[in-house]
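Trainee: Could we go through this model together? I would like to understand the reasoning behind each label.

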Amino acid sequence: MPDLLLLCHILSASVLFASGLVTALVLVLTVYDGNIPLIARASDRVVRADWILTLPSGITQFITGLWLAWRMDALTAGWVALSVLLYGLAGLCWLPVVRYQIRMAGLARQAAAQNGTLPSEFMRLYRKWFLLGWPAFIALIIVFWLMAARPIL
Ligand code: HEM
């Protein structure tokens, strides 16, 4: 019988990590190309992917993680505490990122409808969005390592 809880935890980790990486890559490449109607569509899809994939997998990840820690009597272990802390940091970076994405999608839609150029506000938000992605990405990589190595802290 497979360990369904651990399977859920690992699957949600994969979905969370992949959705973050792929949506970021799609938006970066589309903005780099500079095709405004495409940027409008891509930013809209990125927002949707966040609701459909990132949010549910993020919640599943946290709940299954705490459940697993409770099950193995490790809720107070250092590696679990550090994981929760880093996970919280990634979440704190993600919240403004969602807000920026929604605003960027609106600005790009407007620019596409008017056959205009992207306003400077779009690029300002894009730079902040890009910068905030890094600490979240690095935090998740460290959590992956903590999960596998379970160091005594
Ligand atoms: C947010 C708090 C988290 C907690 C409390 C937590 C807790 C745990 C626990 C207790 C285990 C061991 C389960 C067992 O062997 O029975 C585990 C395994 C694992 N976790 Fe987490 N986790 C969290 C977040 C994450 C995140 C964010 C990721 C990756 C993005 C992740 C990826 C993994 C992986 C890949 C394993 C399997 C490791 C292995 O068996 O070698 N976890 N987690």
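Mentor: Gladly. Keep in mind that this is a predicted model. Let us begin with the ligand: 21 residues surround it, and His-9, Gln-61, Gly-65, Met-147 and Arg-150 come nearest.

Trainee: What makes the pair formed by His-9 and the ligand a polar contact?

Mentor: A polar side-chain atom of His-9 lies 2.8 Å from a nitrogen atom of the ligand. The cut-off for a pair of N or O atoms is 3.5 Å, so this pair counts as a polar contact. Gln-61 also places a polar side-chain atom 3.1 Å from a ligand nitrogen.

Trainee: How do you know that Arg-150 makes a polar contact with the ligand?

Mentor: By the distance again: an N or O atom in the Arg-150 side chain is 2.9 Å from an oxygen atom of the ligand. That is within 3.5 Å, so the pair qualifies.

Trainee: Which elements give two or more residues to the shell around the ligand?

Mentor: They are helix H1 (4-33), helix H2 (36-71), helix H3 (78-113) and helix H4 (120-149). H2 provides the largest share, seven residues. By class, the shell holds 16 nonpolar, three polar and two charged residues. As for the site, the ligand sits in the second largest pocket.

Trainee: Why is the pair Arg-45 and Asp-44 called a salt bridge?

Mentor: The closest N and O atoms of Arg-45 and Asp-44 are 3.1 Å apart. The limit is 4 Å between a side-chain nitrogen of Lys or Arg and a carboxyl oxygen of Asp or Glu, so the pair meets it. Asp-44 also forms a salt bridge with Arg-48, at 3.4 Å. Asp-44 and Arg-48 both lie in helix H2, four residues apart, about one turn of the helix. Together with Arg-109, the residues Asp-44, Arg-45 and Arg-48 are linked in a network of salt bridges.

Trainee: Why is Asp-44 called partly exposed?

Mentor: Its relative accessibility is 22%. Buried means under 20% and exposed means over 50%, so Asp-44 falls in between. Arg-45, at 40%, is partly exposed by the same reasoning, and so is Arg-48, at 45%.

Trainee: What does the salt bridge between Arg-103 and Glu-121 tie together?

Mentor: The closest N and O atoms of Arg-103 and Glu-121 are 3.0 Å apart. Arg-103 lies in helix H3 and Glu-121 in helix H4, so the pair ties together parts that are 18 residues apart in sequence. Arg-103 is partly exposed at 40%, and Glu-121 is partly exposed at 25%.

Trainee: How many salt bridges does a search of the whole structure find?

Mentor: The search finds five.

How values were computed
Residues numbered from 1 in each chain as written. Predicted model: local features only at pLDDT ≥ 70, side-chain atom pairs only at ≥ 80, totals over all residues. Heavy atoms only, no water. Near = heavy atom within 4 Å. Polar contact = N/O pair within 3.5 Å; in protein donor to acceptor, adjacent residues only side chain to side chain. 1 Å grid on protein atoms, 1.4 Å probe; cavity = no way out; pocket = protein on both sides within 12 Å on 5 of 7 lines; lining within 4 Å. Sits in = over half its atoms within 2 Å of the grid points. Nonpolar A, V, L, I, M, F, W, Y, C, P; charged D, E, K, R; others polar. Buried < 20%, exposed > 50% of the residue type's maximum accessible area, 1.4 Å probe, protein only.
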